[in-house]
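Visitor: I'm new to reading protein models, so could you walk me through this one?
Guide: Sure, let's take a look together.

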Amino acid sequence: MATNTPDTQALAHGRFIRGSVSKVRRVLDQIRGRTYRDALIMLEFMPYRSTGPITKVLRSAVANAEHNLGLDPATLVISQAIADMGPSLKRFRPRAQGRAYAIKKQTCHISIAVAAPTA
């Protein structure tokens, strides 16, 4: 797929989302390159917890395209869907004999770009 110029793409970012990057990427790989409507239907019926924040970021990207660029939401295609690692929340659990067990609660940054399809 050809890369669109920045003026025909609308971006949205979701930062510090609680969840593993690998689990979010598994969902983003399924919706990348699809139309907005198809992606919403897929996200609705996927059994993963990460579909909630992804849907929120996708709706934000489409709202940006509609409001800022004047594009029709029915024609939009997901051109980019990226998940990057965020900072980990460090927590500790008590273990046997007075020891502490470190738990890392991962976060991620989700970026979605939508664009009008190129003919």
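Visitor: At roughly what angle do the axes of helix α2 and helix α3 cross?
Guide: This is a predicted model, so keep that in mind as we go. Helix α2 covers residues 36-45 and helix α3 covers residues 51-68. Their axes come within 10 Å, and they cross at roughly 160 degrees.

Visitor: Is α2 roughly parallel or roughly antiparallel to α3?
Guide: Angles over 145 degrees count as roughly antiparallel. The axes of α2 and α3 cross at roughly 160 degrees, so α2 is, relative to α3, roughly antiparallel.

Visitor: Which residues of α2 and α3 make the contact?
Guide: The α3 side brings Thr51, Ile54, Thr55, Leu58, Arg59 and Val62. By class, the contact of α2 with α3 has seven nonpolar, two polar and one charged residues. On the α2 side, you'll find Tyr36, Ala39, Leu40 and Leu43.

Visitor: Now the open sheet: in what order do its three strands come?
Guide: The pairing in this sheet is antiparallel. Its edge strands are β1 (9-18) and β2 (77-85), each pairing on one side only. That fits the order β1-β5-β2.

Visitor: And which residue in β5 is the bridge partner of histidine 13?
Guide: β1 and strand β5 (residues 107-115) run antiparallel, and eight bridges join them. In β5, the partner of histidine 13 is serine 111.

Visitor: Which strands does α3 touch when it packs on the sheet?
Guide: Helix α1 (residues 21-31) lies across β2 and β5, at about 170 degrees to β2. As for α3, its direction makes about 155 degrees with that of β1. The strands α3 touches are β1, β2 and β5.

Visitor: How many of the six residues of strand β3 are buried?
Guide: To count as buried, a residue needs a relative accessible area under 20%. Strand β3 (residues 89-94) is hardly covered, and its count of buried residues is zero.

Visitor: What stands opposite arginine 91 in β4?
Guide: β3 pairs with strand β4 (residues 100-105) in the antiparallel sense, over six bridges. The two strands form a hairpin, with five residues between them. Opposite arginine 91, in β4, you'll see isoleucine 103.

Visitor: Is glutamine 97 buried or exposed?
Guide: You'll find glutamine 97 in the loop between β3 and β4. Its phi is positive, about 60 degrees, although it isn't a glycine. Most residues other than glycine have a negative phi. The cut-off for exposed is over 50%, so at 72% relative accessibility glutamine 97 counts as exposed.

Visitor: What relative accessible area does phenylalanine 16 have?
Guide: Phenylalanine 16 lies in strand β1. Its phi is near 60 degrees, a positive value in a residue other than glycine. Partly exposed covers the range between 20% and 50%. Phenylalanine 16 is partly exposed because its relative accessible area is 46%.

Visitor: How far apart in space are lysine 105 and alanine 12?
Guide: Lysine 105 is found in strand β4, and at 33% relative accessibility it counts as partly exposed. Leaving aside its neighbours within four places in sequence, lysine 105 is in contact with Arg18, Pro87, Ser88, Leu89 and Arg91. In sequence, lysine 105 and alanine 12 are 93 residues apart, and in space their C-alpha to C-alpha distance is 24 Å.

Methods: Residues are numbered from 1 along each chain as its sequence is written. This is a predicted model: local features need pLDDT of at least 70, side-chain atom pairs count only at pLDDT 80 or more; totals for chains, interfaces and linings use all residues. Side-chain values use heavy atoms; hydrogens and water are left out. Axes are lines fitted to C-alpha atoms, for helices over the stretch in contact, and angles run from 0 to 180 degrees between N-to-C directions. Helices (H or I, at least four residues) and strands (E, at least two) are DSSP runs, numbered from the N terminus. Angles under 35 degrees count as roughly parallel, over 145 as roughly antiparallel, 65 to 115 as roughly perpendicular and the rest as oblique. Contact means heavy atoms within 4.5 Å. Ala, Val, Leu, Ile, Met, Phe, Trp, Tyr, Cys and Pro count as nonpolar, Asp, Glu, Lys and Arg as charged, and the others, Gly among them, as polar. Two strands pair if DSSP finds at least two bridges between them. Buried means under 20% relative accessible area, exposed over 50%, partly exposed in between (1.4 Å probe, protein chains only).
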